[in-house]
Amino acid sequence: MLRATVIDELATAGYAVPEFHSTVEIIGPLLIRFAPALAVVHLPAALAGDERWCQGFSEPDAGSDLGSLRTRAVPEGTGYRISGQKMWSSFGQVAQHCSVLARTGDPDSGYRGLTMFWVDMDAPGISVRPRCVRAGARR
């Protein structure tokens, strides 16, 4: 109900509701709570429609089973090196930033061994391949 009310009120006031509003709903509160410096910069930009975000949660062999994620993040210098592959259901090809879930714990640590990283989609080593469906392609 709250979501519908907010969207209705924004529309009534003449604001365009960003089509990726659900991504902001999920990631925004996490940024506010756990990375307030990032929230101050990125949340206003996202709400204004000046930047888009995507979620790097799902993986080809794990799907949405987060406990099975294999993407790794290992400390390197003052940051982390993330290696693995993610799938996005929306906005990966146009997003400026991605919230990536990566394994920082032991491989058998399940859900407890995961950490979320805020990743610039222009960072070295990231490649984005939008999913295409060719006309006449068979499934």
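Where is the place of valine 128? Select it and you land in the segment after S5. Before going further, bear in mind that this is a predicted model, where local features need pLDDT of at least 70, side-chain atom pairs count only at pLDDT 80 or more, and totals for chains, interfaces and linings use all residues. Residues are numbered from 1 along each chain as its sequence is written, and side-chain values use heavy atoms, with hydrogens and water left out.

**Zoom out**

Colour by secondary structure: the protein has three helices and five strands, in the order α-α-α-β-β-β-β-β from the N terminus on. These are DSSP runs, numbered from the N terminus: helices are H or I with at least four residues, strands are E with at least two. Of the 139 residues, 31% count as buried (buried is under 20% relative accessible area, exposed over 50%, partly exposed in between, with a 1.4 Å probe and protein chains only). Switch on the surface and about 9,600 Å² is exposed, 54% of it from carbon and sulfur atoms; the areas come from the Shrake-Rupley method with a 1.4 Å probe, and for residues only the protein chains shown count as cover.

**Back to valine 128**

Valine 128 is partly exposed at 33% relative accessibility. Leaving aside residues up to four places away in sequence, it touches Gly92, Gln93 and Met121 (a contact means heavy atoms within 4.5 Å). Draw a distance to valine 94 as well: the two C-alpha atoms are 34 residues apart along the chain and 9.3 Å apart in space.

**Next, threonine 104**

Pick threonine 104 in the loop between strand S4 (97-103) and S5. Threonine 104 is partly exposed, at 32% relative accessibility. Show side chains and look for threonine 115, whose side chain makes a 2.6 Å polar contact with that of threonine 104. Such a contact is a pair of N or O atoms within 3.5 Å; within protein, one must be able to donate a hydrogen and the other to accept it, and residues adjacent in sequence count only if both atoms are side-chain atoms. Beyond four places in sequence, the neighbours of threonine 104 include Arg72, Tyr80 and Phe117.

**Then threonine 71**

Threonine 71 sits in the loop between strand S1 (53-56) and strand S2 (72-76). Its relative accessible area is 2%, so it counts as buried. A polar atom of its side chain lies 3.5 Å from the backbone nitrogen of glutamine 85. Among the residues it touches more than four places away are Glu59, Leu101 and Arg103.

**Last stop: a pocket**

Select leucine 38, in helix H3 (residues 36-47). Leucine 38 is partly exposed at 30% relative accessible area, and it touches Leu31, Leu43 and Trp118, not counting residues up to four places away in sequence.

Now add Ile27, Leu30, Leu31, Phe34, Ala35, Ser99, Met116, Phe117 and Trp118: together with Leu38 they line the second largest pocket. On a 1 Å grid over the protein atoms alone, a pocket is an open set of points where a 1.4 Å probe fits, with protein on both sides within 12 Å along at least five of seven lines; lining residues have an atom within 4 Å of a point. About 230 Å³ of space lies there. Which element gives the most to the lining? Helix H2, with four residues. The lining comprises nine nonpolar residues, one polar and no charged.

Methods. Points joined across faces, edges and corners; volume = space filled by probe spheres on them. Nonpolar A, V, L, I, M, F, W, Y, C, P; charged D, E, K, R; others polar.
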